[in-house]
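Student: I have a model open in front of me and would like to go through the terms used for it, asking each time what justifies the word. Could we look at it together?

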Amino acid sequence: MTVAAAKWSLEEYHQMIDSGVLSDRRVELIRGDIVEMAPEGKPHAYFSTVSSNYLVKALSDRALVRQAHPITLPNGSEPEPDVAIVKPLGVEYLKHHPYPEEIFWLMEYSDAALAKDLNLKSSVYAEVNISEYWVINLKQRSLIVFRHPQSGQYTSQTAYTDGFVSPIAFPDLSIPVNQIVSKAC
């Protein structure tokens with residue numbers, strides 16, 4: 001006998017959310033699977049908040065910085081990245097969460113879920129051609145920047161511990177790495 005897990009559609013997932021079935025759970029939909037999210041520790045909450053606040057000021061009205069809210073992907077996924085920098089579409093987001101073509105880049109702060117963020121999440125985001133994905137390794141205080149998705153994988157991966165990084169969508173913006181990975185440490 002073969003055991004197969006049930007896959008959930010985005011519509012079914014939204015129905016579960018609307019009905020309250022998942023109200024006591026921290027979950028996200030990844031390729032049709034409902035996946036538990038790791039608990040958010042103090043460093044995770046602190047650094048994602050500080051970097052989000054910095055990006056709001058640095059980007060001004062050029063982008064919307066969303067913190068820990070869903071994005072909707074055509075590969076049956078609705079993850080909740082720690083930070084999503086998206087097109088500022090205003091009330092359009094009352095109709096839907098950001099789609100890949102509306103996303104400038106995504107950020108995940110990670111320690112316990114580092115392997116998941118570096119492997120599973122990077123492939124989920126690359127599959128739908130999100131041009132840039134940043135993983136902040138909280139244990140090593142480093143930034144790993146994934147770029148240039150092709151055939152479901154990012155073709156470029158660069159690690160930073162200091163210096164500056166400029167997002168593809170905003171090459172004129174030079175972000176100090178310490179603002180993202182180690183502010184106030």
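Student: Which residue is the bridge partner of Val65 in β4?

Tutor: The partner of Val65 in β4 is Ile85. Please keep in mind throughout that this is a predicted model.

Student: What makes strand β3 and β4 a pair?

Tutor: Two strands count as paired when DSSP finds at least two bridges between them. Strand β3, residues 64-67, is joined to β4 by four bridges, so the requirement of at least two is met, and the two strands run antiparallel. On β4 there is also a pairing with β5, again antiparallel and again with four bridges, in which Ala84 stands opposite Leu106 of β5.

Student: How do you know that both faces of strand β4 are covered?

Tutor: In a regular strand the side chains alternate between the two faces of the sheet. In strand β4, residues 83-86, Val83 and Ile85 lie on one side and Ala84 and Val86 on the other, and all of these are buried; the word buried here stands for a relative accessible area under 20%.

Student: What makes β1 and β2 a hairpin, and which residue in the turn has a positive phi?

Tutor: Strand β1 (residues 27-30) and strand β2 (residues 33-36) are joined by four bridges and run antiparallel, with Leu29 bridged to Ile34 of β2. Two residues lie between the strands of this hairpin, and Arg31 in the turn has a positive phi of about 50 degrees, although Arg31 is not a glycine. As in β4, both faces of β1 are covered, with Val27 and Leu29 buried on one side and Glu28 and Ile30 buried on the other.

Student: Why is Arg31 called partly exposed?

Tutor: The relative accessible area of Arg31 is 28%, and partly exposed is the word for values between the limits of 20% and 50%, so Arg31 belongs in that class.

Student: Why is Ser151 called exposed?

Tutor: Exposed means over 50% relative accessible area, and Ser151 has 76%, so the word applies. Ser151 lies in the loop between β7 (142-150) and β8 (153-160), and its phi is near 55 degrees, a positive value in a residue other than glycine.

Student: Why is the aromatic pair of Phe104 and Phe170 called edge-to-face?

Tutor: By the rule that ring centres must lie within 6.5 Å, the count comes to eight aromatic pairs. In one of them, Phe104 and Phe170 are 4.9 Å apart centre to centre with 65 degrees between the planes; edge-to-face requires planes over 60 degrees apart, so this pair qualifies. Phe104 lies in strand β5 (residues 103-110) and Phe170 in the loop between β9 (164-165) and β10 (175-176), so the pair ties together parts that are 66 residues apart in sequence. Ring pairs also link Phe104, Trp105, Trp134 and Phe170 into a cluster.

Student: How do you know that Phe104 counts as buried?

Tutor: Phe104 has a relative accessibility of 16%, and the limit for buried is under 20%, so Phe104 counts as buried. Phe170, with a relative accessible area of 6%, is buried by that rule too.

Student: What sits over the ring of Tyr93?

Tutor: The charged end of Arg66 sits there, 5.6 Å from the ring centre. The limit on that distance is within 6 Å, which the value for Arg66 satisfies.

Student: Which residues lie nearest the centre of the largest pocket?

Tutor: They are Ala38, His44, Asp82, Glu108 and Tyr109, out of 19 residues that line the pocket. The elements that give two or more residues to this lining are β5 and α3 (114-127). By class, the lining has seven nonpolar, two polar and 10 charged residues, and about 260 Å³ of space lies in this pocket.

Student: How do the residues lining the second largest pocket divide by class?

Tutor: That lining divides into four nonpolar, four polar and four charged residues. Its residues include Tyr13, His14, Asp18, Lys95 and Tyr99, and the volume of the second largest pocket is about 170 Å³.

Definitions and conventions
Residues are numbered from 1 along each chain as its sequence is written. This is a predicted model: local features need pLDDT of at least 70, side-chain atom pairs count only at pLDDT 80 or more; totals for chains, interfaces and linings use all residues. Side-chain values use heavy atoms; hydrogens and water are left out. Rings of Phe, Tyr and Trp (its six-membered ring) pair if their centres lie within 6.5 Å; planes under 30 degrees apart count as stacked, over 60 as edge-to-face and the rest as tilted. Buried means under 20% relative accessible area, exposed over 50%, partly exposed in between (1.4 Å probe, protein chains only). A charge sits over a ring if NZ of Lys or CZ of Arg is within 6 Å of the ring centre and within 35 degrees of the ring normal. On a 1 Å grid over the protein atoms alone, a cavity is a set of points where a 1.4 Å probe fits but cannot get out, and a pocket is an open set with protein on both sides within 12 Å along at least five of seven lines; lining residues have an atom within 4 Å of a point. Grid points are joined across faces, edges and corners, and a volume is the space filled by probe spheres set on the points. Ala, Val, Leu, Ile, Met, Phe, Trp, Tyr, Cys and Pro count as nonpolar, Asp, Glu, Lys and Arg as charged, and the others, Gly among them, as polar.
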